[in-house]
Amino acid sequence: MGEVAVFAPGTASNIGPGFDCLGIAFTGLGDTVRASRAGQPGVRVAAVSLERIPTDPLRNTAALAAAAVLKRAGLEREAGLELRVEKGLPLAAGMGGSAASAVAGALAAHEVLKTRLTRIDLLVAAVEAEAVVSGRHADNAAPCLFGGAVIVAGLDPPEVTPVRVHESLGLVFVTPAYEVATAEARKVLPAEVPRADAVGQAARLALLVLGLERGDADLVKRAMWDHIAEPRRAPLYPGYPQARTAGLEAGALGVAVSGAGPTLVALALRETRKAVAAALVDGYAKAGVEARAHVAEVDTVGARVV
Ligand code: HSE
């Protein structure tokens, strides 16, 4: 059996009001996992492209997800896999890197072993893997696997619904030169949310989904606020307020922290993306923070064999 290589795209989750339940896959950056059969049962990580990525299969999301696939397929005692992980996504950046490795690991294992698992089974495997390193949420893994924008309405069992993103809309990512570990950013989340905030958040998420589907700039503008996670996490993101203000002044429809950050994601009309990217980088610079931009589109395909 030959090697199978799977590419899994980066994802932005939350996007303002969709904390833990909305994510979008984007073009241009992603992780690749190569899997091949091995003699010994179990999953081994043979190579990683970055020294900081653990090769310990109990701490590597690609290996954890591949092992979860073996287990769900009832093959953990007989099948062995060797993985090679190539990170294209930055670490601890909020671009869905741990989910991308997990999804690529799950799909690569499934393809090499030709299991009968469904895509939802693969999603469960990826979410289980990600939970070990960063917390249990599927708003990165689901869009990464299925492509496009996705609402995750439940985890047990996973309930995933695609959201169409109008072709007039594009994405801009700006990553400041510091890292935020998702597990740390989840520790500061509020255990409870005041009713008015919950209602406001639900209403804005509805507006955002409508705005994305219709390509309605005004709806997106009114929708992209988060009153649950971002206020608590604000101290983790130096330069974000300045960058956000600059991006909105340059024509971004909305700017939000991408996942647990520190990357920020802007939704913008496609033709304004470059100007928005420049303004966001400039906003960080004014706060004394170096940052780099990535102009992207929605990746409508999701994880795929390459
Ligand atoms: N929705 C998750 C969070 C994404 O904000 O913690 C983490 O990547």
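This passage describes two pockets and one strand pairing in a predicted model.

The largest pocket holds about 690 Å³ of space, and its lining is made up of 38 residues, with A92, G97, S98, V133 and S134 lying nearest its centre. Two or more lining residues are contributed by each of strand 1 (4-14), strand 2 (18-38), helix 1 (61-72), helix 2 (97-113), helix 3 (119-133) and helix 5 (182-187), and the largest share, 4 residues, comes from helix 2. When the lining of the largest pocket is sorted by class, 16 residues are nonpolar, 14 are polar and 8 are charged. Because both domain 1 (3-162 + 300-305) and domain 2 (169-296) give residues to this lining, the largest pocket lies between the two domains.

The second largest pocket has a volume of about 160 Å³. Its lining consists of G148, A149, V163, V165, H166, E167, L169, R270, E297, V298 and T300, which by class comprise 5 nonpolar, 3 polar and 3 charged residues.

Turning to the strands, strand 8 (residues 254-257) runs antiparallel to strand 9 (residues 264-269), and the two are joined by 4 bridges. One of the residues of strand 8, V257, has L264 of strand 9 as its bridge partner. Within strand 8, G254 and A256 point one way while V255 and V257 point the other way, yet all of these residues are buried. Strand 8 and strand 9 form a hairpin with 6 residues between the strands, and in this hairpin G259 adopts a positive phi near 60°.

Terms used: Residues numbered from 1 in each chain as written. Predicted model: local features only at pLDDT ≥ 70, side-chain atom pairs only at ≥ 80, totals over all residues. Heavy atoms only, no water. 1 Å grid on protein atoms, 1.4 Å probe; cavity = no way out; pocket = protein on both sides within 12 Å on 5 of 7 lines; lining within 4 Å. Points joined across faces, edges and corners; volume = space filled by probe spheres on them. Nonpolar A, V, L, I, M, F, W, Y, C, P; charged D, E, K, R; others polar. Domains from an automatic or database assignment. Buried < 20%, exposed > 50% of the residue type's maximum accessible area, 1.4 Å probe, protein only. Pairing = 2+ DSSP bridges.
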